[in-house]
Amino acid sequence: MKQYLTDQNYNSSITKFTISPLKEPKNSVVAVASATFYDTLTVYGITINKGKNGLYVKMPQKKTQKGNYIDVVHPLSPEGRKNINDTLLQAYQKSEFKKENVVVAPNTPIKA
């Protein structure tokens, strides 16, 4: 019988990330980041911003011809958003700008 990873037995979907702090903040942006999920999908253009209540993570957006902004990519659950925010903000605050983790996607057989 194959054993599978589930949401209950893995910590983070982010397998790699890079954070590039800006020498001088531009508007509210203090760093630009990328994150790779399960060694399968990389998202570029994530920003770490400084707001009235402290640092926050902003996912990539695209400006439409009408001047509105639409999300290019976004987390599908509050837990996913929390995972991304916690991972990137903690790394930024610790000056940990590049990291690779060994993470296996859920429902992937565990190798014995």
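Reader: How much space lies in the second largest pocket?
Author: The model shown above is predicted, and the pocket is read from its atoms. Its lining takes in K26, N27 and V29, as well as G45, T47 and N49, and is completed by K58, M59, P60 and Q61. The space that lies in this second largest pocket comes to about 200 Å³.

Reader: Which strand gives the most to the lining of the second largest pocket?
Author: Among the lining residues are G45, T47 and N49, and the strand in question covers residues 41–51. With three residues in the lining, the element that gives the most is strand 3.

Reader: How many residues of the lining of the second largest pocket are polar?
Author: The lining holds three nonpolar residues and two charged ones. Glycine counts as polar in this grouping, so G45, which belongs to the lining, falls in the remaining group by that rule. The number of polar residues in the lining is five.

Reader: Which residue in strand 4 is the bridge partner of I48?
Author: Strand 3 and strand 4, the latter spanning residues 54–58, run antiparallel and are joined by five bridges. The two strands form a hairpin, with two residues between them. Within this pairing, the bridge partner of I48 is V57.

Reader: Is Y44 buried or exposed?
Author: Y44 is found in strand 3, and, leaving aside residues up to four places away in sequence, Y44 touches A33, S34 and P60. The C-alpha atoms of Y44 and V32, which are twelve residues apart along the chain, are separated by 8.4 Å. Exposed residues are those over 50% relative accessible area, and because Y44 has a value of 60%, this residue is exposed.

Reader: With which residue does D39 form a salt bridge?
Author: Side chains of opposite charge can pair when their charged atoms come close. D39 lies in the loop between strand 2 and strand 3, and the closest N and O atoms of the pair it forms are 3.9 Å apart. The pair links distant parts of the chain, for the partner is in strand 1 (residues 14–26), 23 residues apart from D39. That partner, which counts as partly exposed at 33% relative accessibility, is K16.

Reader: Where do D86 and K82 both lie?
Author: The count of salt bridges comes to two, and in one of them the side chains of D86 and K82 meet, with 2.5 Å from N to O. D86 counts as partly exposed, because its relative accessibility is 28%. The two residues are four residues apart, about one turn of the element in which both lie, and that element, covering residues 78–93, is helix 1.

Reader: What is the relative accessible area of N27?
Author: N27 is found in the loop between strand 1 and strand 2, and it is one of the residues that line the second largest pocket. Its phi is near 55°, a positive value in a residue other than glycine. N27 counts as exposed because the cut-off is over 50%, and its relative accessible area is 78%.

Reader: What pattern does the protein chain follow, read along the sequence?
Author: The secondary structure of the protein chain comes to one helix and seven strands, and 29% of its 112 residues count as buried. Of the contacts with a separation of 6 or more, 46% are between residues 24 or more positions apart. Read along the sequence, the chain follows the pattern β-β-β-β-β-β-α-β.

Conventions:
Residues numbered from 1 in each chain as written. Predicted model: local features only at pLDDT ≥ 70, side-chain atom pairs only at ≥ 80, totals over all residues. Heavy atoms only, no water. 1 Å grid on protein atoms, 1.4 Å probe; cavity = no way out; pocket = protein on both sides within 12 Å on 5 of 7 lines; lining within 4 Å. Points joined across faces, edges and corners; volume = space filled by probe spheres on them. Pairing = 2+ DSSP bridges. Buried < 20%, exposed > 50% of the residue type's maximum accessible area, 1.4 Å probe, protein only. Contact = heavy atoms within 4.5 Å. Salt bridge = Lys/Arg side-chain N within 4 Å of Asp/Glu carboxyl O.
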